[in-house]
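Please look over the sequence and the structure shown here before reading on. The report is meant for a reader who is meeting this structure for the first time.

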Amino acid sequence: MAEHYAEKLTLTSIANQFYISPYYLSRLFKKTINLSLIEYINGVRIKAAQNMIEKTNESISSVAEKTGFMTSAHFRRVFKDATGFRPSSTANISSG
């Protein structure tokens, strides 16, 4: 089964698939699940990244790329904001 985490998703591209405006999709998403679309997508990607870090020996930059983050610096920032830990410290915790 192919993973889709690395797909480059934008609010406009998703809205276009449903033939609605990006503004309306953003409001609908926020109202329905109380998260912005980007917050939701990043959350899914971070959970996948945590799983990869715990179960593989892949580098942080490889995990970042495979889970759809544009740069490893952005991945590290989002990961720390979401979990309170740096990705490298999570790898050390899970292996030790």
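What follows is a short account of helices, loops and side-chain contacts in this structure.

The model is a predicted one, and its values are computed from that prediction.

**Helix α3 and its surroundings**

Helix α3 runs over residues 37-55, and its 19 residues reach 27 Å from the first C-alpha to the last, which is close to the 27 Å expected at 1.5 Å a residue. The buried residues of this helix are L37, I41, N42, R45, I46, A48, A49, M52 and I53. N42, which belongs to α3, counts as buried because its relative accessibility is 15%, and the cut-off for buried is under 20%. Leaving aside residues up to four places away in sequence, N42 touches F69 and V78, and V78 is itself one of the buried residues of α5.

Another residue placed in α3 is V44, which is partly exposed, with a relative accessible area of 33%. V44 joins I33, L35 and Y40 in making a nonpolar surface patch of about 300 Å².

**Helix α5**

Helix α5 covers residues 72-83 and has 12 residues; at 1.5 Å a residue they should span 16 Å, and the end C-alpha atoms are indeed 16 Å apart, so the two values agree. Which residues of α5 are buried? They are F75, V78 and F79. Seen down the axis of α5, these buried residues fall within an arc of 105°, and therefore they line one face of the helix. After α5 comes G84, whose phi is positive, near 85°.

**Helix α2 and the loops on either side**

S26 lies in helix α2, which is made of residues 22-33, and S26 is partly exposed, with a relative accessible area of 28%. Although S26 and L37 are 11 residues apart in sequence, their C-alpha atoms are 6.5 Å apart in space; L37 is also listed among the buried residues of α3.

Two residues in loops deserve a separate look for their backbone angles. Most residues other than glycine have a negative phi. Y19, in the loop between α1 (11-17) and α2, has a positive phi of about 60° although it is not a glycine. N34, in the loop between α2 and α3, likewise is not a glycine and has a positive phi of about 60°. Are these two loop residues buried or exposed? Y19 counts as exposed because its relative accessibility is 78%, and N34 counts as exposed because its relative accessibility is 58%, the cut-off for exposed being over 50%.

**The salt bridge**

How many salt bridges does the structure hold? It holds one, in which the side chains of E58 and K66 meet at 2.9 Å, N to O. Both partners are set out below, together with the two other residues described above as partly exposed.

| Residue | Relative accessible area |
|---|---|
| E58, partly exposed | 28% |
| K66, partly exposed | 42% |
| V44, partly exposed | 33% |
| S26, partly exposed | 28% |

To draw the account together, N42 of α3 is buried and touches V78, which is a buried residue of α5, while V44 of α3 is partly exposed and takes part in the nonpolar surface patch.

Methods
Residues numbered from 1 in each chain as written. Predicted model: local features only at pLDDT ≥ 70, side-chain atom pairs only at ≥ 80, totals over all residues. Heavy atoms only, no water. Patch = residues over 30% accessible without salt bridge, like charges linked within 9 Å, V, L, I, M, F, W, Y side chains within 5 Å. Areas by Shrake-Rupley, 256 points an atom, 1.4 Å probe, with all protein chains shown as cover. Salt bridge = Lys/Arg side-chain N within 4 Å of Asp/Glu carboxyl O. Helix = DSSP H or I, 4+ residues; strand = E, 2+ residues; numbered from the N terminus. Buried < 20%, exposed > 50% of the residue type's maximum accessible area, 1.4 Å probe, protein only. Expected span 1.5 Å × (residues − 1). Arc of directions from axis to C-beta. Contact = heavy atoms within 4.5 Å.
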